[in-house]
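Here's a walk through one protein, from its overall build down to a handful of side chains. Keep the picture open while you read, and look each residue up as it comes along.

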Amino acid sequence: MLELAIPTLSQGLLWSILAIGVYITFRVLDIADLTVEGSFPLGAATAAKLLTEGYDPITSVFVACLAGMAAGIVTGILTTKLKIPALLAGILTMIALYSVNLRIMGKANLSLLRMDTIFTLAGFISDDPQNVALFVGIVSTAVLALLCYWFFGTEIGSAIRATGANPRMIRANGINTDNTIILGLLISNGLVSISGALIGQANGFADVGMGVGTIVIGLASVIIGEVLFGTRTFWRCLLSVVLGSIVYRVVIAIVLALGMPPNDLKLFTAILVALALSMPLIQAKFKAMRKAGE
């Protein structure tokens, strides 16, 4: 079990970048955005294609981020300018990105074996690939979380947060909520694509179907983090999302080690998210029963 600790932690950190992106739409903007199921493989596909074309890993991740941002802009325009419901707009973009990802890679799966990746660049840290993956996970997550904390403390970042909390109030203050929604979706899907690019390089391949279920994974990380670690401040929220992603990966590693078939993981994740979402109601009913008993 101990030999799984470092790989599980590194995977949890890399996936936490996606979880932060999901948090921005789900909690900050109060939008259920399914674009992530397309922008996650978009990031992996873009980075993998550039790596196979000879570009360096840093440039590949940066361009993957730009691609994800473009996907977020498309969803934002559909939902704000064309007045398509946010959920449906995300689905439309997700479906379109399936073909886009195939077009980028030229096939359904693109291998990165014997390619220089961002983990190769960080090879000076250690001869052990697991330690290198952990280092990349820690650095990338810390940098992106700090950037998000700084940005959402600025005037425009506060406007995005206010848009999700009270859109009427923010419009009364002269802020165009269409622009803040588009910007929020842009940032969210940019982060998701970065996560896809890093995880694709960590796994050694990009696959057109690797985005299936990512929204549930992101929601599981967000909900688990909120339930276990709290949400008193925005920094606490970001930290909770990162820790929630790690806890989720630990739970997955444990149930797999105990013999759960990998094919049942999606079912297990759905049940876990449902339980986490219903936890506040369960806690409230439990407290009411305790008071009634007293």
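Let's start with a word we'll need a lot: a residue counts as buried when its relative accessible area is under 20%. By that cut-off, buried residues make up 49% of the 294 residues in this protein. Bear in mind that what you're looking at is a predicted model.

**The overall build**

The protein has twelve helices and two strands. Reading from the N terminus, the order is α-α-α-α-β-α-α-α-α-α-β-α-α-α. Along its principal axes, the C-alpha trace spans about 65 × 50 × 35 Å. A compact globule with 294 residues would have a radius of gyration near 19 Å, and the protein's value of 19 Å agrees with that. Now take the contacts between residues at least 6 apart in sequence: 77% of them join residues at least 24 apart.

**Into the core**

Which residues touch the most other members of the largest nonpolar core? They're Ile20, Phe152 and Leu191, out of 70 residues in that core. Helix 1 (residues 5-28) gives this core its largest share, eleven residues.

Have a look at Ile20 itself. Skipping its neighbours within four places in sequence, Ile20 is in contact with Ala145, Cys148, Leu191, Leu238, Val241 and Val242. Leu191, you'll remember, is also one of the core members with the most touches.

**A group of rings**

The whole structure holds five aromatic pairs. Here are two of them, and Phe234 takes part in each.

| Aromatic pair | Centre to centre | Angle between planes | Type |
|---|---|---|---|
| Tyr23 and Phe234 | 6.3 Å | 50 degrees | tilted |
| Phe152 and Phe234 | 5.4 Å | 50 degrees | tilted |

What do these pairs tie together? Tyr23 lies in helix 1 and Phe234 in helix 11 (residues 234-257), so their pair links parts that are 211 residues apart in sequence. Phe152 sits in the loop between helix 6 (129-151) and helix 7 (155-165), so its pair with Phe234 in helix 11 links parts that are 82 residues apart.

Are these three rings buried or exposed? Tyr23 has a relative accessible area of 6%, so it's buried. Phe234 is at 10% and counts as buried too. Phe152 comes in at 0%, which also makes it buried.

Add Phe151 and you get one aromatic cluster, made up of Tyr23, Phe151, Phe152 and Phe234. Phe234 has a charged partner as well: the charged end of Arg161 sits over its ring, 4.5 Å from the ring centre.

**The loop before helix 6**

Now move to the loop between helix 5 (118-121) and helix 6, where you'll find Ser126. A polar atom of the Ser126 side chain lies 3.0 Å from the backbone nitrogen of Asp128. Leaving out residues up to four places away in sequence, Ser126 touches Asn131 and Val132.

Ala122 is found in that loop between helix 5 and helix 6 as well. Is Ala122 buried or exposed? Its relative accessible area is 7%, so Ala122 is buried. Again not counting residues up to four places away, Ala122 touches Val132, Phe135 and Val136. One of these contacts, Phe135, is 13 residues from Ala122 in sequence, and their C-alpha atoms are 8.0 Å apart in space. Val132 is worth finding on your screen, since Ser126 touches it and Ala122 touches it too.

Terms used: Residues are numbered from 1 along each chain as its sequence is written. This is a predicted model: local features need pLDDT of at least 70, side-chain atom pairs count only at pLDDT 80 or more; totals for chains, interfaces and linings use all residues. Side-chain values use heavy atoms; hydrogens and water are left out. A nonpolar core is a set of buried Ala, Val, Leu, Ile, Met, Phe, Trp, Tyr and Cys residues joined through side-chain atoms within 4.5 Å. Buried means under 20% relative accessible area, exposed over 50%, partly exposed in between (1.4 Å probe, protein chains only). Helices (H or I, at least four residues) and strands (E, at least two) are DSSP runs, numbered from the N terminus. Contact means heavy atoms within 4.5 Å. Rings of Phe, Tyr and Trp (its six-membered ring) pair if their centres lie within 6.5 Å; planes under 30 degrees apart count as stacked, over 60 as edge-to-face and the rest as tilted. A charge sits over a ring if NZ of Lys or CZ of Arg is within 6 Å of the ring centre and within 35 degrees of the ring normal. A polar contact is a pair of N or O atoms within 3.5 Å; within protein, one must be able to donate a hydrogen and the other to accept it, and residues adjacent in sequence count only if both atoms are side-chain atoms. The radius of gyration is taken over C-alpha atoms; the globule rule is 2.2 Å times the number of residues to the power 0.38.
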